[in-house]
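Visitor: Got a minute to walk me through this one? I'd like to start with the symmetry and then get to the charged pairs.

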Protein chains: 2
Amino acid sequence: MTKPVRAAQKKQTLDFDAYLKERAKLVEKNLSKFIDKIPNAPKILTDAMDYSLQAGGKRVRPILAMATAEAFGKKAADVMPAACALEMLHTYSLIHDDLPCMDNDDLRRGKPTNHKVFGEDLALLAGDALLTYVFEVFAQNGKIKTIGAENTLNALQNFAHRAGASGMVGGQTSDVYAEGMGTQDAASIRAEKIKKVSKKLADKSLRYFLLPPTVQETTPEAVLLYIHANKTGALIRASVETGALLAGAKGADLKHIQKYADCIGLVFQIVDDILDVTASAKQLGKSNSDTQNGKLTFVSLFGLEGSRKHAQLLIAKAQKALDSLKNVKRKNLAPLYAMAEFFKTRTY
Amino acid sequence: MTKPVRAAQKKQTLDFDAYLKERAKLVEKNLSKFIDKIPNAPKILTDAMDYSLQAGGKRVRPILAMATAEAFGKKAADVMPAACALEMLHTYSLIHDDLPCMDNDDLRRGKPTNHKVFGEDLALLAGDALLTYVFEVFAQNGKIKTIGAENTLNALQNFAHRAGASGMVGGQTSDVYAEGMGTQDAASIRAEKIKKVSKKLADKSLRYFLLPPTVQETTPEAVLLYIHANKTGALIRASVETGALLAGAKGADLKHIQKYADCIGLVFQIVDDILDVTASAKQLGKSNSDTQNGKLTFVSLFGLEGSRKHAQLLIAKAQKALDSLKNVKRKNLAPLYAMAEFFKTRTY
């Protein structure tokens, strides 16, 4: 069992903070290029798209896709269109999530939210335009010869699956109706929510609003796990998978890297829940709205210590999954090990 | 010049009403199948998606895609996933367009709009989920051997281009700010709209809100043409192009079929404007909101007669474009000729 040691050695040679900064810059340069290339649109629309794309963020999704592609022997540039598409998808989801009919947030990453600047109608359309552009840009990856049409289409289909009803949007739906489940007023908050739907729906079971029909239990734990695995986890998972699928990863290696992705995706959200309690609004660049809104979170269910322990366990699993990879460039795995550590220890 | 005659003969042998009904049924059966296949989503979300997908409509977009693919020698079934994706995209755009922050419509096709049944938040998410599923489903077309990954990716990229900022969403953006341009109160209505955006944007030129920077004139005619070519036209065009590109159409034939698509797309919208004035809300299954909202329409600019004449001219051009096609199964062109006629004469 020398692999973990080898991995630890690799980590020492990588200045991960510098790596993250350099990669984020690279992504931002390419995001700008993609926006500049949009023809035939009113300027207010491309400005609204650009405003939220350039509003900062860690760019972990595209960075994960590039790092995974490199682990499987491709260059970062080989997957740049798809990597940028991942960030655009994340950005559209933030714009729509901040809208008055959703979280009604005024601040995102320390700046006014999209609808505060451009109006609700344009924020809706900017989100729609980004979500559509996501797939136009992703498809361009097929023109890169080292990747090709087949791997691109395969990766695109998987990515759309994770981003839609079966993944991110499914998680967001559950999150809407789970509001208040972290408080004593759960029943009355949900009753208020359900008043907004037609009478025919109002007497449906909890599962109808919160969980897929296939999930057996409707406990708060089951709801929380579904939301976290999907609302945030699905896109983190898709980022890693996109890099792997574009690079042509298959079989056991694909399974291992998916395991890694699953674990770090959940850690990312657990740490988000922890930070919502422990960090200031200034550090987060947004209000601590989850706690204020009585949302169901890891911390509200398992406490701070329990959440931290769970994150620790998941990181160990993620690193073990990396250890198990076979047909990879092992020297290129350092950023993936480091990313797992970063997800656990980040303070913003 | 025997071709137009041949075409006219073909038209006589086709019962187009029955054809439309049969094809619409086929599309609806497949749409249901695609929705049933969505795993891992709360039922309220897939119900909300399904509600608007099954709310009727003529299904002209998928029917156009199938008919075009058949003209270029493929079978309707060869392009079914992409055809269904076109209808899903159209449906998401209606759901979002009806939202309170957009047109705020209560009725669509004679039924309560999505947000009236499921609430604003779920309607937003159902639209997002549909728009994402569009590309997952479209990508599946690559698995059909007669089409393959390369043609699918090519068609998908073009389709996303037409549906996004450079096409449909660009047109919708302009439409938001063009509200009132059909009335005497244009200036004050626009001033109200612009109050909703941040002060920095409020003193931008008309073009910033209404037209791409590349368009030279900012006359009402230029705005109307931009909106019509994009808000509705782009997706009609994309429907025809999708059928053609999936079937591998190239060169002059691709240009001719695009010309056809451009013409009928514009006719479709001109007739929409005419019906908004001449048909009852009951016939339309929605309120005559364009006229009531003082929207810029073909009728408000060119009058009823002028609009009808323009539609007539465009149909002649569309049919001439079909006459010019070379590498096609001419006997399969009948539905495309008939569709042009239908677009001009439809009463709903």
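**Symmetry and salt bridges**

Guide: Sure. This is a predicted model. Chain B superposes on chain A by a rotation of 180° with 0.0 Å of shift along its axis, at an RMSD of 0.0 Å. The two copies are thus related as by a two-fold rotation axis.

Visitor: Which residue of chain B comes closest to the rotation axis?

Guide: That's B:A149, with its C-alpha at 2.9 Å. Both copies use the same surface, as 100% of the contact residues of chain B recur in chain A.

Visitor: OK, charges now. How many salt bridges over all chains?

Guide: The count is 28. One of the pairs is A:R108 with A:D98, whose closest N and O atoms are 2.9 Å apart. A:R108 sits in strand β1 (residues 107–108) of chain A and A:D98 in helix α5 (residues 80–98) of chain A, ten residues apart.

Visitor: Is A:D98 buried or exposed?

Guide: Buried, at 3% relative accessibility. A:R108 is buried too, at 17%.

Visitor: And what does B:R237 pair with?

Guide: B:D262, with the closest N and O atoms 2.9 Å apart. B:R237 is in helix α13 (residues 220–246) of chain B and B:D262 in helix α14 (residues 251–278) of chain B, so the bridge ties together parts 25 residues apart in sequence. B:R237 is buried at 18% relative accessible area, while B:D262 is partly exposed at 37%.

Visitor: Which residues are linked in a network of salt bridges in chain A?

Guide: A:R162, A:R237, A:E241 and A:D262.

Notes:
Residues numbered from 1 in each chain as written. Chains lettered and ligands numbered in written order. Predicted model: local features only at pLDDT ≥ 70, side-chain atom pairs only at ≥ 80, totals over all residues. Heavy atoms only, no water. Least-squares fit on C-alpha atoms with pLDDT ≥ 70 in both. Contact = heavy atoms within 4.5 Å. Salt bridge = Lys/Arg side-chain N within 4 Å of Asp/Glu carboxyl O. Helix = DSSP H or I, 4+ residues; strand = E, 2+ residues; numbered from the N terminus. Buried < 20%, exposed > 50% of the residue type's maximum accessible area, 1.4 Å probe, protein only.
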